[in-house]
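The following paragraphs describe a protein model, moving from its overall dimensions to its strands and then to individual residues. Please consult the sequence and the coordinates alongside the text.

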Amino acid sequence: MHTYPNNQQTLTKRCALALLCILLLLETVGASTPVIAASASTASPVSCGPGCQRYDIVMIGSEIEGVLLAKRAHDAGLSVLILDPREKPGGELIQGQMLVLDEPNDNRKRSLVQGEMKSLYDGYNAGTIRKLSAFENYYRKMIRGIPMRSGIVIDSVEINGTGKSNQGKTLKSITYLAKDGKLYQVQAGYFVENTDFNALTVHLGNKRIPGMESLYNGKKPDYMAATYMLWFKGVNWGKLHQAVLEDYPLTNVVKKYGPNTYVDWDFATGFSNITYQYKPRDSQLLLRGLNATYQKDGEVIVNGLLIYDVDPADPKSVRSAVAKGKAEAPYIAKFLREHIPGFSKAQLNGYPDYLYIRDYNRYETEYVLTYKDVMSSRMFWDNVTLGGYPVDLQATRALKKGIGFGKPDRYGIPLRSFELKNYDNVLVAGKNIGAEIKAYGSARIIPTTALAAETMGILLAREWKKGHKRLSELTAADFRRIHQYLKKDYNIRVDQ
C-alpha cells in the first residue's frame with residue numbers, strides 16, 4: 001500500500017497546513033488524471049490510515065445520473081470523490097454521445113422532467129442545446145468542483161456484517177488501482193454505483209435481476225443491444241419534413257415508411273420499412289428505425305445502429321463494437337443518401353469513441369419495481385422520482401425488432417429501488433435501478449433515474465449528514481416532511 005509523504009518537519013506550521021491540504025487533494029485524485037479541484041467551501045476528506053482517505057460519498061462512475069447526486073451533495077458541503085473506471089468522463093451522454101433525449105410524460109402529455117435535468121431539456125427542446133459542445137458545457141457545469149479520478153480499476157472491497165435479518169452489511173472500503181500503477185484505499189459513509197457495467201456492485205454478492213432472457217425463457221443472460229450513434233452533416237431537414245407531410249394522411253405515411261414515422265422541425269422517428277431493408281456487413285449489427293434530432297446548420301444525429309452482444313465490462317468487446325460501428329457508418333450514409341428524403345447530400349460528421357449502453361446486469365435492491373407497479377400508476381410512500389415513458393425494450397438477437405408493452409401514466413419509484421439489498425450504505429444510480437425487465441423498459445431513461453439520484457443527493461445532505469439518519473431508516477412520516485421540502489425548496493414534486 002502506498003504511504004503518503006509528510007513534509008511538515010521541513011516547513012513552518014502555517015505553510016505546512018496549506019501544503020498538506022494541497023497534497024491530500026492531489027494524492028487522492030492522482031496527478032496523472034485531469035481533475036477539477038473541489039471548491040474551498042467543500043468538506044475535505046480525512047485520513048483513515050496510511051494510504052487511505054475517507055469521504056462522505058464515493059461514487060463509482062461518471063454517468064450524468066449519478067453526477068447529479070454528487071452535485072447536490074457537493075453543493076451542500078459534503079466531501080465527494082468520483083472514481084471512474086472509464087478513461088474519460090461523461091459516459092453515455094458525453095462519450096457515447098447519445099444526444100437524442102427521450103422525455104417521460106403522463107397520459108395528459110405533461111412532461112415529468114424535473115430538477116437539474118429540466119434546464120438541459122428546456123435547452124434541447126428550444127434548440128439551444130443540440131450539439132455536442134453544448135452538452136459538454138452542461139456536463140462541466142454539473143461536475144464543476146467535484147474531484148474525479150479516471151481510469152481506475154477496483155482491486156478489492158472490504159465488507160462488514162452478514163446481511164442476515166436485522167444485521168445489514170456495510171461496505172467499509174474500496175481498494176483500487178490507479179493509472180499511476182499504485183493501489184489506493186477509500187472509505188465512505190455512502191458508496192454509489194454509477195457505471196454502465198456494474199463496476200462496484202459486481203463485487204458485492206447480490207442476486208442478479210433476470211433480464212431480457214426472462215421474456216422468452218432463455219437460459220443465459222440477455223441484454224438489449226447497444227447503439228453506435230451516427231452523425232451527419234449536409235442534411236436538408238426541410239426537405240425531409242416536407243416529403244413526409246406530402247404523404248399524409250397518416251395511414252399513407254405508415255404504409256410507405258413504417259409505424260411511428262413522424263417528422264417535425266426538430267425531431268424525426270420511424271422509417272423502419274426502409275431501414276430494415278439495409279443489410280449490414282456484420283451480423284452483429286442492425287439498422288433499426290431512425291430516432292433523429294436536427295442539430296441545426298444541416299447537422300443531424302441519429303440513434304439507429306444497434307450492436308448485439310456487447311459486454312460493457314470487457315474493454316475488448318467495447319473496442320470491437322466501436323470499430324464495427326465506425327466501419328459500417330460510411331455504408332449506412334450511402335444507403336440513407338439513396339433512400340431517405342433530405343439525405344441526398346448527407347456526409348458523416350464525426351465518430352463517437354464509445355457506445356450508448358442501454359442494458360446490462362442489475363442487482364437486487366430493497367424493492368424491485370414491477371411491471372404491475374408501472375402500469376397501475378402506483379405511488380410509494382418513499383417516492384424519489386416519477387416515471388411515465390413507454391415500456392420500450394430494444395432488440396436482442398432473440399428478439400430481432402424489440403418489443404413494447406404499452407404506455408403507462410405517471411407512476412412513482414421508491415427510494416428502496418435505489419438501495420442495494422442488504423447493504424446500509426450502498427446506493428445505485430441510473431440504469432442500475434432495481435426493476436424487473438418490463439418495468440425497466442420504462443424506468444431506464446435518463447430524466448427518470450437522474451431525478452431519483454438528485455433527490456438522493458438532497459437526502460444525503462439533509463437527512464443523513466445533518467439529520468444523522470441513514471436513508472434506510474427513513475419512515476413514511478419522514479417522507480411526508482421530505483416531500484414537502486422537495487416541493488418548497490427545490491421545485492421537485494414526486495409524491496403524486
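Of the 496 residues of the protein, 57% count as buried, where buried means under 20% relative accessible area, exposed means over 50%, and partly exposed lies in between, with a 1.4 Å probe and protein chains only. This is a predicted model, in which local features need pLDDT of at least 70, side-chain atom pairs count only at pLDDT 80 or more, and totals for chains, interfaces and linings use all residues. Residues are numbered from 1 along each chain as its sequence is written, and side-chain values use heavy atoms, with hydrogens and water left out.

The exposed surface of the protein amounts to about 20700 Å², of which carbon and sulfur atoms supply 51%; accessible areas come from the Shrake-Rupley method with a 1.4 Å probe, and for residues only the protein chains shown count as cover. The radius of gyration is 23 Å, which agrees with the value near 23 Å that a compact globule of 496 residues would have. That radius is taken over C-alpha atoms, and the globule rule is 2.2 Å times the number of residues to the power 0.38. The C-alpha trace spans about 80 × 50 × 45 Å along its principal axes.

Contacts, defined as heavy atoms within 4.5 Å, can be sorted by separation along the chain. Among those in the protein with a separation of 6 or more, 71% involve residues 24 or more positions apart. As for charge, the mean positions of the 65 positive and 50 negative charges are 1 Å apart. Here Lys and Arg count as positive and Asp and Glu as negative, while His and the chain ends are not counted; the place of a charge is NZ of Lys, CZ of Arg, CG of Asp or CD of Glu.

The secondary structure comprises 13 helices and 18 strands. These elements are DSSP runs numbered from the N terminus, with helices (H or I) of at least four residues and strands (E) of at least two. Two strands pair if DSSP finds at least two bridges between them.

One open sheet consists of 6 strands in the order β9-β10-β11-β12-β8-β13, with antiparallel pairing. Its edges are β9 (262-263) and β13 (347-348); each has a single partner strand, so one side of each is left without a neighbour in the sheet. At the β9 edge, 2 bridges connect β9 in the antiparallel sense to β10 (residues 267-270), and Y262 stands opposite T269 in β10. At the other edge, β13 contains L348, which is buried with a relative accessible area of 19%. Beyond its neighbours within four places in sequence, L348 is in contact with W231, F232, K233, A329, P330 and A333.

Another group of pairings involves β5, β6 and β7. Strand β5 (residues 153-160) pairs with β6 (residues 170-177) over 7 antiparallel bridges, and S173 in β6 is the bridge partner of E158. Strand β6 is in turn joined by 5 bridges to β7 (residues 183-193), again running antiparallel, with Y184 in β7 as the bridge partner of Y176. The hairpin of β6 and β7 has 5 residues between the strands, and G181 there takes a positive phi near 85°.

Tyrosine Y176 also appears in the surroundings of L83, a residue of strand β3 (residues 80-84). L83 is buried, with a relative accessible area of 0%. Not counting residues up to four places away in sequence, L83 touches V58, M59, I60, G61, R149, I152, Y176 and V186. The C-alpha atoms of L83 and Q185 are 11 Å apart, although 102 residues separate the two in sequence.

Most residues other than glycine have a negative phi, and most peptide bonds are trans. Which residues of the loop between α3 and α4 depart from the first tendency? Q97, located in the loop between α3 (91-94) and α4 (117-126), has a positive phi near 55°. K109 lies in that loop between α3 and α4 and has a positive phi of about 65°. Q97 is buried at 13% relative accessible area, whereas K109 counts as exposed at 69%.

A cis peptide bond, with omega about 20°, joins Y248 and P249. P249 is placed in the loop between α6 (237-246) and α7 (250-257). Helix α6 contains H241, which counts as buried at 9% relative accessibility. Leaving out residues up to four places away in sequence, H241 touches V263, D264 and W265.
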